[in-house]
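Here is a short tour for a first look. Keep the sequence and the 3D view side by side as you read.

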Amino acid sequence: MPPETKQTLPPPRLEIRNLVRNFEGRRVVDDVSLSIQPGQVTCLLGPSGCGKSTTLRMIAGVDMQDAGEIYVDGELICDTLFRVPPERRSIGLMFQDFALFPHLTVGRNVSFGLTERGAVARARAEEMLAKVGLERFIDSYPHELSGGEQQRVALARALAPQPKIMLMDEPFSGLDNRLRDGIRDETLAVLKEEDTAVLLVTHEPEEAMRMADEIALMRDGRIVQQGAPYNIYRAPKDKAAVAFFSDVN
Ligand code: ADP
Ligand code: MG
């Protein structure tokens with residue numbers, strides 16, 4: 001357990017401490033710390049190239065930090081010596097191009113990551129598809145669904161194994177503008193029903209304002225400001241933050 005976590009409070013669902021990642025002598029993630037409670041959505045918001053995806057990949061366990069620690073429910077899952085493999089981290093993932101398997105039915109896509117098989121797996125797929133309003137498509141194939149529907153299936157798939165943490169990297173950027181706000185709202189409603197901690201990466205201030213309980217504003221590998229969306233919007237810390245938020249109305 002991290003030393004200064006009080007015994008009386010439950011530890012955060014996800015806590016990262018002082019993460020550092022260097023590529024070719026350049027520090028692209030520079031001393032990043034964050035904690036997220038179950039049921040909370042934190043947005044890592046910042047311009048392209050600031051180190052958001054690299055941060056996410058270290059939490060997912062597909063990249064290894066050069067310094068720092070990652071804790072889940074107060075338990076160390078990764079530092080520079082010790083590493084729980086990605087598949088044992090109880091993490092759900094969604095990316096922009098996190099495509100469904102085209103040769104599997106929607107139901108099989110959703111049950112893909114489950115340890116259960118057969119009727120139990122199908123029942124779980126049905127339950128998850130009902131949450132996103134798509135149970136009627138359980139025996140359809142992905143190409144029979146619209147882009148927005150496929151996105152909702154991907155959400156159902158990511159949540160089916162009841163991950164402790166959801167990591168979402170620009171998950172809406174491949175969607176048509178007209179659909180995006182609706183799908184953001186639906187996704188948020190589904191996420192809020194689960195007891196999962198969500199880290200959502202985006203370069204769009206509008207998306208962070210709409211979805212986040214807390215925003216961590218990132219620039220050049222560092223978190224430069226952190227807080228409730230409205231507070232950051234109302235009181236950006238510096239000129240770069242003001243400029244970054246200027247296109248949000
Ligand atoms: P973001 O997701 O915020 O757009 P990234 O985390 O993808 O940013 O990248 C941060 C910086 O690290 C970028 O300059 C990128 O080019 C660099 N980078 C990312 N991955 C690698 C890699 N595997 N090798 C070298 N440089 C990388
Ligand atoms: Mg990225």
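The report below goes from the whole model to its sheet, its hairpin, its ligand site and a few single residues.

## Model and confidence

This is a predicted model. The protein has an average pLDDT of 92. Of its residues, 96% score at least 70. For the complex, the predictor gives an ipTM of 0.98 and a pTM of 0.92.

## Overall build

The protein contains 8 helices and 10 strands. Its radius of gyration is 18 Å, close to the 18 Å that the globule rule gives for 249 residues, so the protein is as compact as a globular protein of that length.

Along the principal axes, the C-alpha atoms fill a box of roughly 50 × 45 × 40 Å. Buried residues account for 36% of the 249 residues.

## The six-stranded sheet

An open sheet is built from 6 strands. Follow them in the order β6-β7-β8-β3-β9-β10. The pairing is mixed. At the edges sit β6 (91-95) and β10 (222-227), and each pairs on one side only. Neighbouring strands of this sheet are turned by 15° against each other on average, direction ignored.

Now look inside the sheet. Strand β3 (residues 41-45) runs parallel to strand β9 (residues 214-219). The two are joined by 4 bridges. To find the match, start at L44, which stands opposite A216 in β9. In general, strands of a sheet pair through backbone hydrogen bonds, either parallel or antiparallel.

## The β1-β2 hairpin

An antiparallel pair is found in strand β1 (residues 14-23) and strand β2 (residues 26-36). Here 8 bridges join the strands. One facing pair is E15 and S35, the latter in β2.

β1 and β2 form a hairpin, with 2 residues between them. E24 lies in the turn and has a positive phi of about 45°. E24 is also one of the residues around ligand 1.

## Around ligand 1

Which residues surround ligand 1? They are F23, E24, V28, G46, S48, G49, C50, G51, K52, S53 and T54. By class, this shell holds 3 nonpolar, 6 polar and 2 charged residues.

Helix α1 (residues 52-60) supplies the largest share of the shell, 3 residues.

## Residues with positive phi

D31 is not a glycine, yet its phi is positive, about 65°. D31 belongs to strand β2. Is D31 buried or exposed? Neither label fits fully: D31 has 14 other C-beta atoms within 10 Å, so it counts as partly exposed. The buried class needs 20 or more such atoms, and the exposed class 12 or fewer.

D220 is another residue other than glycine with a positive phi, near 50°. D220 is placed in the loop between β9 and β10. With 14 C-beta neighbours inside 10 Å, D220 is partly exposed.

## A buried leucine

Turn next to L159, in helix α4 (residues 147-159). L159 has 22 other C-beta atoms within 10 Å, so it is buried. In sequence, L159 and A130 are 29 residues apart. In space, they are 12 Å apart, C-alpha to C-alpha.

Terms used: Residues are numbered from 1 along each chain as its sequence is written. Chains are lettered from A and ligands numbered from 1 in the order in which they are written. This is a predicted model: local features need pLDDT of at least 70, side-chain atom pairs count only at pLDDT 80 or more; totals for chains, interfaces and linings use all residues. A residue is near a molecule or strand if its C-beta atom, placed from the backbone, lies within 6 Å of it. Ala, Val, Leu, Ile, Met, Phe, Trp, Tyr, Cys and Pro count as nonpolar, Asp, Glu, Lys and Arg as charged, and the others, Gly among them, as polar. Two strands pair if DSSP finds at least two bridges between them. Axes are lines fitted to C-alpha atoms, for helices over the stretch in contact, and angles run from 0 to 180 degrees between N-to-C directions. pLDDT is the predictor's confidence in each residue, from 0 to 100. The radius of gyration is taken over C-alpha atoms; the globule rule is 2.2 Å times the number of residues to the power 0.38.
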